[in-house]
Amino acid sequence: MKMPMRLLMLASLCAACWTSGVSANPPGAGAKVPGDFGPPHGEPIHAELTSPPQVPPPIHRNYPAKVIVELEVREVEKEISEGVSYTFWTFGGTVPGSFIRVRQGDTVEFHLKNYPDNKMPHNIDLHGVTGPGGGAASSFTAPGHESQFTFKALNQGIYVYHCATAPVGMHVANGMYGLMLVEPPEGMKAVDHEYYVMQGDFYTVGKYREHGHQDFDMQRAIDEKPTYVLFNGSEGALVGEHALKAKVGQTVRLFVGNGGPNLVSSFHVIGEIFDRVRYEGGVHEQENVQTTLIPAGGAAIVEFHLDVPGSYVMVDHSIFRAFNKGALAVLKAEGPENKSIYSGKEVDSVYLGDKAASPAPVAEARAAEASGTLTKEQQIKAGEARFTGTCSVCHQANGQGLPNVFPPLAGSDFLMADKRRAIGIVLNGLTGPVTVNGNGFNSVMPPMSQLNDDELANILTFVRNSWGNSGDAVSAAEVQELRASTKRPEGAAH
């Protein structure tokens, strides 16, 4: 008896759905659901895990395997910002945690170890697991112990994993998240570079860039008011010598996750347009994307090719997070210029801010201040680094300002006449007419009270001893005293 045409079409569609994306490996006889390609073949494979921003190499297998993943939880103290330490809870010793790469259809034997010196119990919830809790209930692990469970990677995509031990938000906020890639059976299209970038929001008792060790602030986390919003767990993780690297003519694939725990990311690369985005970690692609939303607990795969050299700045385009909370990273592309496409300059401090300069003088000045040996020369060098990204856009790198708009700092009689007034202007801002070197100016100097006492002191020491100026140093104590005497409305910058 002939099958009706409608049933034939349905049967064809079902068959197409079942085998879509599968190369020479159709579902085995025992397969029950899509993505289950039968029992594992061959000897077990130990997964190669990598620390961010590196990604394990692509998988070149046309069969499902048993993959053993061994991941250790470490509670470690690291810098969250220059001069600021924080105790992170991590998977594998890094924030984000180790990158896991498996193939759709693999059977994953997962081992979670909790380092004996840790203080807290931990577990893991992998969003790529099909089963209650994503493995959380099977992996609760006390310090010095190990747990084990097994799952089948049924769905291709890029998936977040995180700790789910109560209080869950606290564990995630301390850096306990990472990504697992489940490659499609036929693999992914080859690219020149793959990198691992993950955003997170952090909540400290101290203010942004307040030096010393900072503890987690539960109330700030509950109120969703982060002190820092960061890529890969630190302001310095992906800038300077740690910037990502590529060459003109190459294609870059970024696996971008958002650990949260609270904020949605508006991920953007300044100066690039994403050729393809697999949004929300799924299988569908969008093309020619400027900015892609990545929810907390979500991920995306973005690809773009590089046509001209330069520094490409990655940000959360909720823009205060980038320039005032740290959500900024850099990819440096080397190669020949193509002025028919773009004739701009290599580094633009408007975007890079104080990350455009070397952090070494700042770190040297901070160490000297802590030991009580800080010199005026060290302050000048540190101040120059901060001035580059904070003040040079308006006042110019040579201190000449802009005629009729921004007064000069070079040889400025107004600046040098009163040190305390100069501190107050930078700290609290200035609006209205002023006369500098006989010329009138009437513009706005916004308050820079978000700067730390030592940052502001070093900038002023640099300015007061450059471009023909000669003055004594400005101390952090002088800035602190004036700051303390300034009343500010609730919620204003400190």
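The following exercises, each with a worked solution, concern the predicted model shown above.

Residues are numbered from 1 along each chain as its sequence is written, and side-chain values use heavy atoms, with hydrogens and water left out. Because the model is predicted, local features need pLDDT of at least 70 and side-chain atom pairs count only at pLDDT 80 or more, while totals for chains, interfaces and linings use all residues.

**Exercise 1. Overall description**

State how many helices and strands the protein has, and what share of its residues counts as buried.

Solution. Step 1: the protein has twelve helices and 23 strands; these are DSSP runs numbered from the N terminus, with at least four residues for a helix (H or I) and at least two for a strand (E). Step 2: 51% of the 494 residues count as buried, where buried means under 20% relative accessible area, exposed over 50% and partly exposed in between (1.4 Å probe, protein chains only). Step 3: along the principal axes, the C-alpha atoms fill a box of roughly 100 × 55 × 35 Å. Step 4: of the contacts between residues at least 6 apart in sequence, 69% join residues at least 24 apart; contact means heavy atoms within 4.5 Å.

**Exercise 2. Two buried residues outside the helices**

Determine where His111 lies and where Leu306 is placed, and give the contacts of His111 and of Leu306.

Solution. Step 1: His111 belongs to strand E5, residues 107–114, and is buried at a relative accessible area of 9%. Step 2: apart from neighbours within four places in sequence, the contacts of His111 are Ile68, Val69, Glu70, Leu71, Glu146, Ser147 and Gln148. Step 3: Leu306 sits in the loop between strand E19 (298–305) and strand E20 (310–316), and is buried with a relative accessible area of 1%. Step 4: not counting residues up to four places away in sequence, the residues that Leu306 touches include Ala246, Val248, Tyr312, Leu331 and Ala333. Step 5: from Leu306 to Ala473 the C-alpha to C-alpha distance is 45 Å, with their positions 167 residues apart in sequence.

**Exercise 3. The packing of H12**

Describe how helix H12 packs with H10 and with H11.

Solution. Step 1: H10 (residues 419–428) and H12 (residues 476–484) pack at about 65 degrees, with axes 10 Å apart; axes are lines fitted to C-alpha atoms, for helices over the stretch in contact, and angles run from 0 to 180 degrees between N-to-C directions. Step 2: this crossing is right-handed, meaning that the near helix is turned clockwise from the far one by less than a right angle, whereas anticlockwise would be left-handed. Step 3: Lys419, Arg420, Ile423, Gly424, Leu427 and Asn428 of H10 meet Glu478, Val479, Glu481, Leu482 and Arg483 of H12. Step 4: by class, that contact has four nonpolar, two polar and five charged residues (nonpolar: Ala, Val, Leu, Ile, Met, Phe, Trp, Tyr, Cys and Pro; charged: Asp, Glu, Lys and Arg; polar: the others, Gly among them). Step 5: H11 and H12 pack at about 120 degrees, with axes 8 Å apart, and their crossing is right-handed. Step 6: Asp453, Asp454, Leu456 and Ala457 of H11 make the contact with Ala476, Val479, Gln480 and Arg483 of H12.

**Exercise 4. Burial in H12 and H11**

Explain why the buried residues of H12 line one face of the helix, and describe the burial of H11.

Solution. Step 1: in H12, Ala476, Val479, Leu482 and Arg483 are buried. Step 2: viewed down the axis of H12, these buried residues fall within an arc of 130 degrees, so they line one face; the arc is that of the directions from the helix axis to the C-beta atoms. Step 3: an α-helix has 3.6 residues a turn, so residues three or four places apart point the same way. Step 4: the buried residues of H12 pack against H6 (360–371), H10 and H11 (453–463). Step 5: Val479 in H12 has a relative accessible area of 0%, and its contacts, leaving aside neighbours within four places in sequence, are Ile423, Leu427, Asp453, Leu456, Ala457 and Val474. Step 6: in H11, eleven of the eleven residues are buried, so this helix is largely enclosed by the rest of the structure. Step 7: the cover of these H11 residues includes H6, H7, H9 (413–417), H10 and H12.
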